[in-house]
Amino acid sequence: MTVPPSAEPAPFHRERVLCSQLAELADRQLYRRRRLCESPQAPLMQVDGRTLLTFCGNDYLGLANDARVFETFTRAASDFGVGSGASHLINGHSRYHHQLEEALADFTQRPRALLFSTGYMANLGVISALAGHGEQILCDRLNHASLIDGARLSGARMRRYRHADPADLRRLLASTGTDKATAMILSDGVFSMDGDLAPVPELAQAAQQAGAWLLIDDAHGLGVIGPDGRGTLAGFSARARSTPELQDPFEQQQVPILIGTLGKAFGTFGAFVAGSEALIETLIQRARSYIYTTALPPAVAAASLTSLSVMQAEPWRREHLARLVHHFRQGAAELGLPLMPSVTPIQPLLAGASARALDWSHRLEARGLLVPAIRPPTVPQGHARLRISFSASHQIADVERLLEALAALPNTDHPNKEHRADAS
Ligand code: PMP
């Protein structure tokens with residue numbers, strides 16, 4: 001952003017410019033503020049001094065405050081201390097990190113997995129290690145910011161195809177000049193703000209034909225979707241296997257790069273990339289956000305191992321979550337609320353204007369419910385929404401309370417008719 005010239009000393013002048021930019025954000029209903037939480041992740045939380053029923057986190061399986069996960073965490077911290085003390089390539093790579101990588105490779109049915117300190121860093125590191133100047137990257141329009149930022153950092157030319165639209169992707173691929181090889185196709189598996197699934201088998205086919213990498217970021221699918229919670233790709237594979245008449249069968253290994261995060265369904269912190277031996281060894285040599293940063297605390301890796309085994313041993317968590325989502329969609333459809341076509345625990349209600357989303361969020365908060373408004377630039381202009389999300393630790397009675405509060409909101413007519421969806 002350019003700063004207009006001024007007679008003031010530069011630092012003061014620049015601060016004044018910041019203040020006027022902040023005031024402008026507030027005028028446009030786009031100012032973001034944080035809340036102070038004084039209790040663990042759970043449906044009922046102490047937030048800004050009040051007890052609120054929350055429908056906004058990503059602790060989909062209710063493991064962030066699970067006693068067994070916590071017990072492993074404290075035991076590992078007493079064995080290994082709090083900090084890892086160094087990067088993985090120096091002396092920060094502990095036995096727990098190693099075991100977790102092996103367990104994640106097994107869970108995702110891939111030869112290797114590599115831990116990163118966050119999902120944001122995983123995406124920056126992987127994309128910039130594998131694509132560069134003179135190449136192009138094709139992105140779904142609604143991809144998570146970390147995929148977009150990774151593409152920008154790589155120096156490749158980024159182009160965006162229409163959301164979840166393989167035909168538009170093919171159109172872009174066909175219009176590529178010979179001088180711009182397509183290095184990568186990037187997509188969320190479950191879209192973080194919409195909750196819908198990417199058309200992964202079609203993306204895989206397009207990537208194969210173009211000879212490009214396909215990276216799927218399944219931050220919101222792993223643990224939640226597919227057989228044993230093995231994620232969106234495993235879900236598509238299972239569906240293809242049970243539908244033998246499909247013309248183009250799909251195996252999840254057709255997606256060579258899978259990103260997962262540990263801060264959501266795992267209830268802990270961190271992220272990983274799963275793929276081939278050569279891919280992982282290349283990332284260890286080249287991914288700068290892997291090489292030049294401190295490894296996760298070993299106790300976090302140990303806790304993630306426990307949450308991985310709990311999520312596999314307790315399928316009731318996914319089953320209960322699916323019941324909550326179904327109950328919500330049925331109730332919301334009966335109320336004529338503007339649902340989006342999602343079958344995942346992310347169930348946004350489209351408001352359109354930021355002011356309307358904020359108004360809805362404030363009204364819910366007045367009734368003791370926390371559902372923050374999501375506004376641009378997180379979502380496109382005119383698509384502000386309430387991002388409602390469910391966790392296995394919610395009860396049906398919580399969903400009933402939410403529906404009752406939503407029924408009392410004003411102006412819930414659908415702001416954008418093409419998004420209207422039926423309960424499913
Ligand atoms: N990818 C997606 C799709 C996400 O939704 C998020 C987090 N919201 C991330 C990556 C970043 O993960 P982390 O929070 O571990 O940095």
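**Exercise 1.** Classify Thr378 as buried, exposed or partly exposed, and place it in the fold.

*Solution.* Start with the cut-offs: 20 or more other C-beta atoms within 10 Å of a residue's own make it buried, 12 or fewer make it exposed, and anything in between is partly exposed, with C-beta atoms placed from the backbone. Thr378 has 17 C-beta neighbours inside 10 Å, so it counts as partly exposed. Next, the location. Thr378 sits in the loop between strand 12 (373–374) and strand 13 (384–389). Strands (E, at least two residues) and helices (H or I, at least four) are DSSP runs, numbered from the N terminus.

The model is predicted: local features need pLDDT of at least 70, side-chain atom pairs count only at pLDDT 80 or more, and totals for chains, interfaces and linings use all residues. Residues are numbered from 1 along each chain as its sequence is written.

**Exercise 2.** Do the same for Arg32.

*Solution.* Count first. Arg32 has 9 C-beta neighbours inside 10 Å, so it is exposed. Then locate it. Arg32 lies in the loop between helix 1 (10–27) and strand 1 (44–47). The unreviewed UniProt entry annotates Arg32, His144 and Thr378 as "binding site"; such annotations may be inferred rather than shown by experiment.

**Exercise 3.** Check the radius of gyration against the globule rule.

*Solution.* Take the radius over C-alpha atoms; the rule is 2.2 Å times the number of residues to the power 0.38. For 424 residues, a compact globule would come out near 22 Å. The protein has 22 Å, so the two agree. Its C-alpha atoms fill a box of roughly 60 × 55 × 55 Å along the principal axes. Buried residues make up 48% of the 424.
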